[in-house]
Structure formats: structure tokens, C-alpha cells
Amino acid sequence: MPKAFVPLTQFVNESKSIPREHPLDQPVARWTEEEVLGEEVVEAGVAILRTRGCYWSIKEGCSMCGYFNDTVPGGVSNDMLHSQWEKIRHSLKGKRYAKIYTSGSFLDPTEVPLDFANDVMSDMADMGIEKVLVESLPEFVHPKHFNYSNSPKIEIAIGLESSNPVVLDKSVNKRLRWPHFVKVCKTAHENGAEVKAYVLLKPPYLGERDAIEDAVQSATDAAPYVDKISINPVNVQKNTVVEKLWFRNEWTAPWLWSVVEVLERCKDLPAKVYSDPTGGGTRRGAHNCNDCNGQILDALKEHRLGHGNLKGLECECRSRWEVLKHQSSYRRNGAEPHGYRRGFGNGRRF
Ligand SMILES: [Zn+2]
């Protein structure tokens with residue numbers, strides 16, 4: 001018998017450090033952030049429930065995703081989930097928009113029991129919350145998983161990552177199929193939900209130029225089927241394949257200029273396309289040089305909230321990005337020479 005193919009993610013998973021002790025009655029995190037609701041900018045309440053986590057991360061996992069670091073693979077009881085909810089609901093008082101994340105799929109009933117989900121949704125509707133965002137892998141987007149007795153308007157965020165099957169399979173290690181994505185978007189809409197798609201910018205093995213083209217193409221493909229698209233520049237999360245590659249200088253986080261190019265090229269699509277880069281401006285997240293990181297991140301935030309545009313952004317590092325983007329076609333991976341971003345790498349300046 002030939003030896004079965006063992007995905008790289010499995011080696012990384014096996015080398016994980018011992019899981020941290022997690023208090024099961026406490027959510028992973030809570031915060032507020034500005035978000036667009038209809039035509040208004042409102043303060044949204046955000047929380048991450050601590051759950052068993054994503055079933056796929058237990059099986060193999062995606063190359064860039066470190067959310068399993070915040071999960072409890074043995075599971076979290078209904079009582080503990082309700083205790084977490086008691087703490088979260090206080091921070092949602094007076095809010096009109098809520099985002100209830102898990103480090104997996106809110107719509108997976110083996111991760112978030114349907115009874116608990118129903119209680120949470122009904123509670124939020126009673127509190128006057130108008131819209132709630134949850135995340136799910138597409139395989140759980142089925143009406144029986146969000147047929148709540150009473151709920152705010154549901155927005156389902158789905159990680160498409162890429163519409164290119166090779167990128168999905170080899171770079172991301174995700175088993176999503178494009179026709180299935182289209183089908184679940186229709187299912188969500190037919191059952192009264194909105195859909196937000198996540199598209200990755202620069203998953204492993206793609207250079208800067210190919211990464212931009214892949215994100216633009218994926219957003220273009222997805223736009224007719226979704227309400228919003230968030231461009232997610234890949235960032236370095238702990239104990240992931242991406243972190244291993246980054247440590248070995250075989251991949252570098254994308255430039256913020258690349259994010260700007262993707263958004264500019266997607267501005268006329270039939271869905272709103274924006275970006276809120278996780279870890280933006282740091283070595284582990286999308287970044288430019290120290291002189292312009294803040295300016296570009298501010299511009300991206302204004303763009304996300306519907307004010308201003310991304311024209312007129314300038315910095316001397318832009319020409320370096322142009323050169324590296326061109327050169328990236330000649331490199332065999334997503335790395336670039338050290339020192340091109342001032343304040344990062346080995347400190348050399350060009
Ligand atoms: Zn700069």
C-alpha cells in the first residue's frame with residue numbers, strides 16, 4: 001500500500017504546544033468597533049465565544065488559520081456557553097449591530113448547539129439588536145441551522161478565500177468547491193440572510209503579483225452572489241503553516257499597497273469590497289514602511305466606513321513595492337529580500 005498523503009498542516013498540528021488553560025465560563029474576547037449598518041456608522045458589539053472550535057482545524061486545518069489556539073478540543077458544555085453569554089450580553093446593551101464569532105462555525109450544531117444558538121438569537125432580538133453577524137464554513141449553511149424562532153437579521157460570513165481551486169487546495173488546504181459556495185449563497189439569501197465573503201490576499205506560495213491577481217479574480221467571481229466582500233491579507237498566526245514559512249523566510253506578509261490595489265480594482269463590482277487588515281502595520285500583518293503604515297490603515301478604515309477614497313496615497317516606499325511586485329514573478333515562493341520596508345527585516349535601507 002502506498003503511504004497515504006499527509007498534509008503539511010498535520011505536522012504543524014502535531015507540533016503544537018500544550019494548549020493553554022482556558023476558563024470555560026469566559027468568552028475569548030469582547031470589544032466594540034465601528035461598523036456600517038444601512039447608511040449609518042454605528043458602534044457594533046463584538047464577542048468571541050470559546051467553543052470546541054472548527055471541525056476542520058481538528059482534522060487538518062487551513063494553512064493560515066491559528067484560531068484553534070483559542071479553542072477547547074474537548075468541547076464546552078451548554079452551561080459554560082450560557083455563562084459566557086451572560087457576560088457577553090451585558091456588553092451588547094444598547095447596540096444595534098452584533099458580531100458573535102467562535103473560532104470555528106457558529107452554524108455547526110456540533111460546535112454551537114442549536115438550542116443555545118436559538119436562545120442567544122432570541123435574546124438579541126429582545127434586546128433590540130437589528131443585525132447579527134456569524135461565521136460559518138459553507139457546509140453548515142443550511143436553513144435548519146439558522147431557522148431561529150426569533151432573531152435579528154442574520155449576516156453569514158463565509159470564508160471563500162479564493163475562487164481558484166488550485167489555490168484553495170494547495171495554498172489554503174481548504175476543501176471548498178466553487179459550485180457549492182454559489183449554492184450556499186443562494187440558500188442563505190432565500191432564507192432571509194445576507195452573505196459576506198472573506199477573500200484572502202497572499203496565501204502561501206503566491207508571490208505579491210499573483211496574490212493580487214488571485215484576490216481580484218476571487219472578488220470578481222464572488223461579487224454577484226454576496227452582499228459584501230472583505231479582503232483579508234494573510235497574517236502570521238501562531239502554530240500555523242504560514243508561521244513556519246515566515247520563520248524560514250519563504251513567505252512575507254503582503255504590502256498594504258497590494259491591499260489598496262485590490263480595492264481600487266474592485267471598486268465597481270456589484271458588492272461592497274473593503275479591508276480591515278488583522279495585524280496591519282506589524283511584521284506579522286500586511287504592512288508598508290513605518291512612514292506610511294498609519295496613513296494607509298486610516299485610509300482603509302475611512303474607506304470601509306464609506307467615507308473617502310483610496311486615491312492620492314503616496315510614500316517613497318511605493319516604488320519599491322512596484323519593483324518587488326514585478327520581481328515576484330521570478331521568485332519561487334512568496335518571500336522577498338530583507339530590508340525593503342523601513343523598520344522591518346534586517347534594518348537595511350534601500
Ligand atoms: Zn511607505
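Which residue in β2 is the bridge partner of Ala29? In the predicted model, that partner is Ile48. The two residues belong to the pairing of strand β1 (residues 29-37) with strand β2 (residues 40-48), which is antiparallel and extends over nine bridges. Together, β1 and β2 form a hairpin with two residues between them. Within the turn, Gly38 adopts a positive phi of about 65°.

The hairpin strands are part of an open sheet of eight strands, arranged in the order β1-β2-β3-β4-β5-β6-β7-β8 with mixed pairing. Strands β1 and β8 (272-274) are the edges of this sheet, each pairing on one side only. On average, and with direction ignored, neighbouring strands of the sheet are turned by 25° against each other. Whereas β1 and β2 pair in the antiparallel sense, the pairing of β2 with strand β3 (residues 97-101) is parallel and comprises four bridges. Here Val46 has Lys99 of β3 as its bridge partner. In a regular strand, side chains alternate between the two faces of the sheet.

A helix is placed against the strands that follow in the sheet order. Helix α4 (residues 114-126) lies across β3, β4 (131-135) and β5 (153-161). Relative to β4, helix α4 runs at about 155°.

Helix α9 (residues 256-265) takes part in three helix-helix packings, which are described in turn. The axes of α9 and helix α10 (residues 293-304) come within 10 Å and cross at roughly 25°. Because of this angle, α9 is roughly parallel to α10. The crossing of these two helices is left-handed. On the α9 side, the contact is made by Leu256, Trp257, Val259, Val260 and Leu263, while α10 contributes Asn293, Ile296, Leu297, Leu300 and His303. By class, the residues of this contact comprise eight nonpolar, two polar and no charged.

Helix α7 (208-222) also packs against α9, at an angle of about 30° and with the axes 10 Å apart. The two helices are therefore roughly parallel to each other. In this case the crossing is right-handed. The contact involves Glu208, Arg209, Ile212, Glu213, Ala215 and Val216 of α7, together with Ser258, Glu261, Val262 and Arg265 of α9. The residues of this contact divide into four nonpolar, one polar and five charged, whereas the contact of α9 with α10 has no charged residues.

The third packing brings α9 together with helix α11 (residues 317-327), the axes coming within 10 Å and crossing at roughly 80°. Helices α9 and α11 are therefore roughly perpendicular to each other. Trp257, Ser258 and Glu261 of α9 meet Cys317, Arg318, Trp321 and Lys325 of α11. Three nonpolar, one polar and three charged residues make up this contact. Residues of α9 recur among these packings: Trp257 is listed in the contact with α10 and again in that with α11. Likewise, Ser258 and Glu261 contribute to the contact with α7 and to that with α11.

Aromatic pairing was also examined. The structure holds six aromatic pairs. One of them is formed by Trp178 and Tyr225, with an edge-to-face arrangement, a centre-to-centre distance of 6.0 Å and 75° between the planes. Trp178 is located in helix α6 (residues 178-190) and Tyr225 in the loop between α7 and β7 (228-233), so the pair ties together parts that are 47 residues apart in sequence.

Definitions and conventions: Residues are numbered from 1 along each chain as its sequence is written. This is a predicted model: local features need pLDDT of at least 70, side-chain atom pairs count only at pLDDT 80 or more; totals for chains, interfaces and linings use all residues. Side-chain values use heavy atoms; hydrogens and water are left out. Two strands pair if DSSP finds at least two bridges between them. Axes are lines fitted to C-alpha atoms, for helices over the stretch in contact, and angles run from 0 to 180 degrees between N-to-C directions. Angles under 35 degrees count as roughly parallel, over 145 as roughly antiparallel, 65 to 115 as roughly perpendicular and the rest as oblique. A crossing is left-handed if the near helix is turned anticlockwise from the far one by less than a right angle, and right-handed if clockwise. Contact means heavy atoms within 4.5 Å. Ala, Val, Leu, Ile, Met, Phe, Trp, Tyr, Cys and Pro count as nonpolar, Asp, Glu, Lys and Arg as charged, and the others, Gly among them, as polar. Rings of Phe, Tyr and Trp (its six-membered ring) pair if their centres lie within 6.5 Å; planes under 30 degrees apart count as stacked, over 60 as edge-to-face and the rest as tilted.
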